[in-house]
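Dear colleague,

Please find below the structure that I am handing over to you, together with its sequence. My notes on what was found in it follow directly after.

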Amino acid sequence: MIKLPLVLLAISSCSVISYGELPLLIKDSIVGKDIEVTKDFYDSQLYSFSKIKIGRSTVAITVLASIENGRYLWVSQDGERIYTVNGKISETIGLKHNIKTLSGLGRSPSFSYKDIDLAQTNQSNYLLELSNPHAIISQQSTLINKGIDENYFNAMLYEEIFTSGKLAFKGSNYYWVDPLGRVIKSEQAIHPRLPKVTIEFFYK
């Protein structure tokens, strides 16, 4: 992880690219072995980006292509698309196993991690559509404020404990949130047949 706490905390807006620029920029994205995001790498990027790892084998740099009503679209070199809302993955396109949130994500644009005190939790219910194999499942989650993670730029750590009704798919997701209320890292189990997805967000 790039050691840029001051840079990340100082920049409050996000720079996105237009779809017309995507073909020129996406070709410079990286897919493959683990990628070290150095200060030079960060400085060389014109737009906000993220580093995405799926399990231990798949690593990609994605570019922030758009923001619409709090929904962020991240696009990879190969055209995979990952949508996030407040750092939580709401939809994927182009993965081996995709998901799409149909209702009740629990992360509306007005949602703020800062509103969840240490003594409080946030509960959500939502409906997910899975592909390969196709299924529609309901999930219930409880978001818990775990306090400051001093090992990660003094970010606040939140644990999301989820269950999926009768389906044996449950576990915990984690979100690291900076003092501006932005998710700078997440670890999420999004599909029963996918390993955990880890995303590090770099804002420009």
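**Aromatic pairs and their surroundings**

Tyr174 is partly exposed, with a relative accessibility of 25%. Please bear in mind that the model is a predicted one.

To place this residue in context, I begin with the chain as a whole. It contains three helices and 13 strands. Of its 204 residues, 46% count as buried. The exposed area of the chain is about 10300 Å², and 52% of this is supplied by carbon and sulfur atoms. Among the contacts with a separation of 6 or more, 48% are between residues 24 or more positions apart.

The search for aromatic pairs covered the whole structure and returned twelve of them. One of these is formed by Phe49 and Phe202, which are stacked, with 4.9 Å from centre to centre and 15° between the planes. Phe49 belongs to strand β2 (residues 49–54) and Phe202 to strand β13 (residues 197–202), so this pair ties together parts of the chain that are 153 residues apart in sequence. Both partners are buried: the relative accessible area of Phe49 is 1%, and that of Phe202 is 0%.

Tyr174 and Trp176 form a tilted pair, because their planes stand at 40° to each other, between the limits of 30 and 60 degrees; their ring centres are 6.5 Å apart. In contrast to the partly exposed Tyr174, Trp176 is buried, at 8% relative accessible area. Trp176 also has a charged neighbour, as the charged end of Lys185 sits over its ring at 4.9 Å from the centre.

The stacked pair described above is part of a wider group: Phe41, Tyr42, Phe49 and Phe202 are linked into a cluster by ring pairs. Here too a lysine is involved, since Lys204 lies over the face of Tyr42, 4.2 Å from the ring centre.

Which backbone atom does the side chain of Ser48 reach? The partner is the backbone nitrogen of Lys204, at 2.9 Å. Lys204 therefore appears twice in these notes, over the ring of Tyr42 and in this contact with Ser48, where Ser48 counts as buried at 0% relative accessibility. Ser48 is located in the loop between α3 (39–44) and β2. Its C-alpha lies 7.9 Å from that of Phe201, although Ser48 and Phe201 are 153 residues apart in sequence.

With kind regards

Terms used:
Residues numbered from 1 in each chain as written. Predicted model: local features only at pLDDT ≥ 70, side-chain atom pairs only at ≥ 80, totals over all residues. Heavy atoms only, no water. Phe/Tyr/Trp six-rings, centres within 6.5 Å; stacked < 30°, edge-to-face > 60°. Helix = DSSP H or I, 4+ residues; strand = E, 2+ residues; numbered from the N terminus. Buried < 20%, exposed > 50% of the residue type's maximum accessible area, 1.4 Å probe, protein only. Lys NZ or Arg CZ within 6 Å of the ring centre and 35° of its normal. Contact = heavy atoms within 4.5 Å. Areas by Shrake-Rupley, 256 points an atom, 1.4 Å probe, with all protein chains shown as cover. Polar contact = N/O pair within 3.5 Å; in protein donor to acceptor, adjacent residues only side chain to side chain.
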